[in-house]
Amino acid sequence: MTKFITVLIVFSFLFATQFSNAKELENSPESIHTEGGEGSVKIGDCPAACDVRCSATSHKSACLMYCNLCCKKCLCVPSGTYGNKEECPCYNNLKTKEGGPKCP
(Lines give C-alpha, C1' and ligand atoms only; values in the text may rest on other atoms or scores of the structure.)
Protein backbone atom coordinates (compact mmCIF):
# COMPACT_ATOMS: atom_id res chain seq x y z
CA MET A 1 0.00 0.00 0.00
CA THR A 2 2.87 2.38 0.76
CA LYS A 3 4.34 1.82 -2.72
CA PHE A 4 0.99 2.66 -4.28
CA ILE A 5 0.73 5.93 -2.35
CA THR A 6 4.33 6.84 -3.22
CA VAL A 7 3.74 6.15 -6.91
CA LEU A 8 0.51 8.16 -6.79
CA ILE A 9 2.29 11.14 -5.22
CA VAL A 10 5.09 11.00 -7.79
CA PHE A 11 2.65 10.89 -10.72
CA SER A 12 0.60 13.71 -9.20
CA PHE A 13 3.73 15.83 -8.93
CA LEU A 14 4.75 15.09 -12.54
CA PHE A 15 1.22 15.81 -13.77
CA ALA A 16 1.13 19.14 -11.92
CA THR A 17 4.51 20.26 -13.26
CA GLN A 18 3.47 19.47 -16.83
CA PHE A 19 0.49 21.81 -16.60
CA SER A 20 2.43 24.57 -14.85
CA ASN A 21 5.05 24.47 -17.66
CA ALA A 22 2.31 24.60 -20.31
CA LYS A 23 0.82 27.71 -18.69
CA GLU A 24 4.25 29.40 -18.58
CA LEU A 25 4.78 28.69 -22.27
CA GLU A 26 1.34 30.00 -23.20
CA ASN A 27 1.97 33.26 -21.38
CA SER A 28 5.57 33.79 -22.46
CA PRO A 29 6.13 36.93 -24.56
CA GLU A 30 8.09 34.97 -27.19
CA SER A 31 4.99 32.98 -28.14
CA ILE A 32 2.79 36.04 -28.68
CA HIS A 33 3.01 37.71 -32.10
CA THR A 34 0.86 40.39 -33.58
CA GLU A 35 -0.80 39.69 -36.91
CA GLY A 36 1.67 40.33 -39.71
CA GLY A 37 4.54 41.22 -37.39
CA GLU A 38 7.98 39.66 -37.48
CA GLY A 39 7.92 36.10 -36.22
CA SER A 40 4.22 35.76 -36.98
CA VAL A 41 4.81 33.11 -39.68
CA LYS A 42 6.36 29.71 -39.09
CA ILE A 43 8.79 28.45 -41.73
CA GLY A 44 6.31 25.78 -42.79
CA ASP A 45 3.65 28.44 -43.38
CA CYS A 46 5.82 30.57 -45.71
CA PRO A 47 4.67 28.94 -48.98
CA ALA A 48 0.98 29.57 -48.19
CA ALA A 49 1.63 33.16 -47.06
CA CYS A 50 3.67 33.83 -50.20
CA ASP A 51 0.97 32.31 -52.42
CA VAL A 52 -1.38 34.99 -51.09
CA ARG A 53 1.24 37.75 -51.38
CA CYS A 54 2.10 36.82 -54.98
CA SER A 55 -1.42 35.98 -56.18
CA ALA A 56 -1.90 39.21 -58.16
CA THR A 57 1.46 39.48 -59.92
CA SER A 58 2.29 38.59 -63.50
CA HIS A 59 5.79 37.44 -62.41
CA LYS A 60 4.56 34.71 -60.09
CA SER A 61 7.60 32.38 -60.07
CA ALA A 62 10.10 35.15 -59.27
CA CYS A 63 7.74 36.64 -56.69
CA LEU A 64 7.28 33.28 -54.96
CA MET A 65 11.03 32.57 -54.96
CA TYR A 66 11.97 35.90 -53.35
CA CYS A 67 8.98 35.98 -51.04
CA ASN A 68 9.85 32.53 -49.67
CA LEU A 69 13.52 33.53 -49.19
CA CYS A 70 12.47 36.66 -47.32
CA CYS A 71 9.83 34.84 -45.30
CA LYS A 72 12.27 32.16 -44.15
CA LYS A 73 14.76 34.82 -43.08
CA CYS A 74 12.30 37.22 -41.40
CA LEU A 75 9.44 34.84 -40.47
CA CYS A 76 7.02 37.43 -41.74
CA VAL A 77 5.05 38.26 -44.90
CA PRO A 78 3.14 41.56 -45.15
CA SER A 79 -0.61 41.31 -45.55
CA GLY A 80 -2.20 41.83 -48.93
CA THR A 81 -0.75 41.48 -52.40
CA TYR A 82 1.16 44.79 -52.45
CA GLY A 83 2.49 47.33 -49.95
CA ASN A 84 2.04 47.01 -46.18
CA LYS A 85 5.77 46.34 -45.81
CA GLU A 86 5.86 48.46 -42.64
CA GLU A 87 4.32 45.42 -40.91
CA CYS A 88 7.61 43.56 -41.40
CA PRO A 89 10.67 45.80 -41.03
CA CYS A 90 13.09 42.91 -41.69
CA TYR A 91 11.20 41.99 -44.87
CA ASN A 92 11.13 45.64 -45.91
CA ASN A 93 14.84 46.26 -45.24
CA LEU A 94 16.26 43.35 -47.29
CA LYS A 95 17.87 44.87 -50.40
CA THR A 96 19.38 43.58 -53.64
CA LYS A 97 23.02 44.23 -54.56
CA GLU A 98 21.82 47.30 -56.46
CA GLY A 99 20.01 48.63 -53.38
CA GLY A 100 16.46 47.94 -54.53
CA PRO A 101 13.87 46.02 -52.51
CA LYS A 102 14.53 42.28 -52.48
CA CYS A 103 11.19 41.17 -51.10
CA PRO A 104 7.95 41.56 -53.08
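Me: Which residue forms a disulfide with C50?
Reply: This model is predicted. A disulfide is a pair of cysteine sulfur atoms within 2.5 Å. The sulfur atom of C50 lies 2.2 Å from that of its partner, so the pair passes. That partner is C67.

Me: Which helices does the link of C50 and C67 join?
Reply: The two residues form a disulfide. They sit in distant parts of the chain, 17 residues apart. C50 belongs to helix α2, and C67 to helix α3. The helices are α2 and α3.

Me: Is the link of C50 and C67 left-handed or right-handed?
Reply: Look at the angle about the S-S bond. For this pair it is -85°. The link is left-handed.

Me: Is C50 buried or exposed, and what about C67?
Reply: Buried means under 20% relative accessible area. C50 has 0% relative accessibility, so C50 passes that cut-off. C67 is also at 0%. Both C50 and C67 are buried.

Me: Which residue pairs with C46 in a disulfide?
Reply: The sulfur atoms of this pair are 2.0 Å apart. The bond links distant parts of the chain: C46 is in helix α2 (residues 46–53), and its partner, 25 residues apart, is in helix α3 (residues 60–74). The partner is C71.

Me: What is the angle about the S-S bond of C46 and C71?
Reply: Both ends of this link are buried: C46 has a relative accessible area of 0%, and C71 has 0% as well. The link is left-handed. Its angle is -80°.

Me: How many residues apart are C70 and C103?
Reply: A disulfide joins C70 to C103, S to S 1.9 Å. It links distant parts of the chain. C70 is in helix α3, while C103 is in the segment after α4 (89–93). The separation is 33 residues.

Me: Why does C103 count as buried?
Reply: The cut-off for buried is under 20% relative accessible area. C70, at the other end of the disulfide, is buried at 1%. C103 counts as buried because its relative accessibility is 3%.

Me: How many disulfides are there?
Reply: Count the bonded cysteines along the chain. The pattern runs 1-7, 2-5, 3-4, 6-12, 8-11, 9-10. The count comes to 6 disulfides.

Me: Which elements make up the protein chain?
Reply: There are 0 strands and 4 helices. Read them from the N terminus on. The order is α-α-α-α.

Me: How wide an arc do the buried residues of α2 cover?
Reply: C46, C50 and R53 are buried in α2. They are on the same side of α2, because they cover an arc of only 55° around the axis. In general, an α-helix has 3.6 residues a turn, so residues three or four places apart point the same way. For the buried residues of α2, the arc is 55°.

Me: What covers the buried residues of α2?
Reply: The residues in question include C46 and C50. Their cover includes two other helices, α3 and α4.

Me: What share of the residues of the protein chain count as buried?
Reply: The accessible surface comes to about 7600 Å², and 63% of that belongs to carbon and sulfur atoms. Now take the residues, 104 in the chain. The buried share is 22%.

Note on methods: Residues are numbered from 1 along each chain as its sequence is written. This is a predicted model: local features need pLDDT of at least 70, side-chain atom pairs count only at pLDDT 80 or more; totals for chains, interfaces and linings use all residues. Side-chain values use heavy atoms; hydrogens and water are left out. Buried means under 20% relative accessible area, exposed over 50%, partly exposed in between (1.4 Å probe, protein chains only). Accessible areas come from the Shrake-Rupley method with a 1.4 Å probe; for residues, only the protein chains shown count as cover. The arc is that of the directions from the helix axis to the C-beta atoms. Contact means heavy atoms within 4.5 Å.
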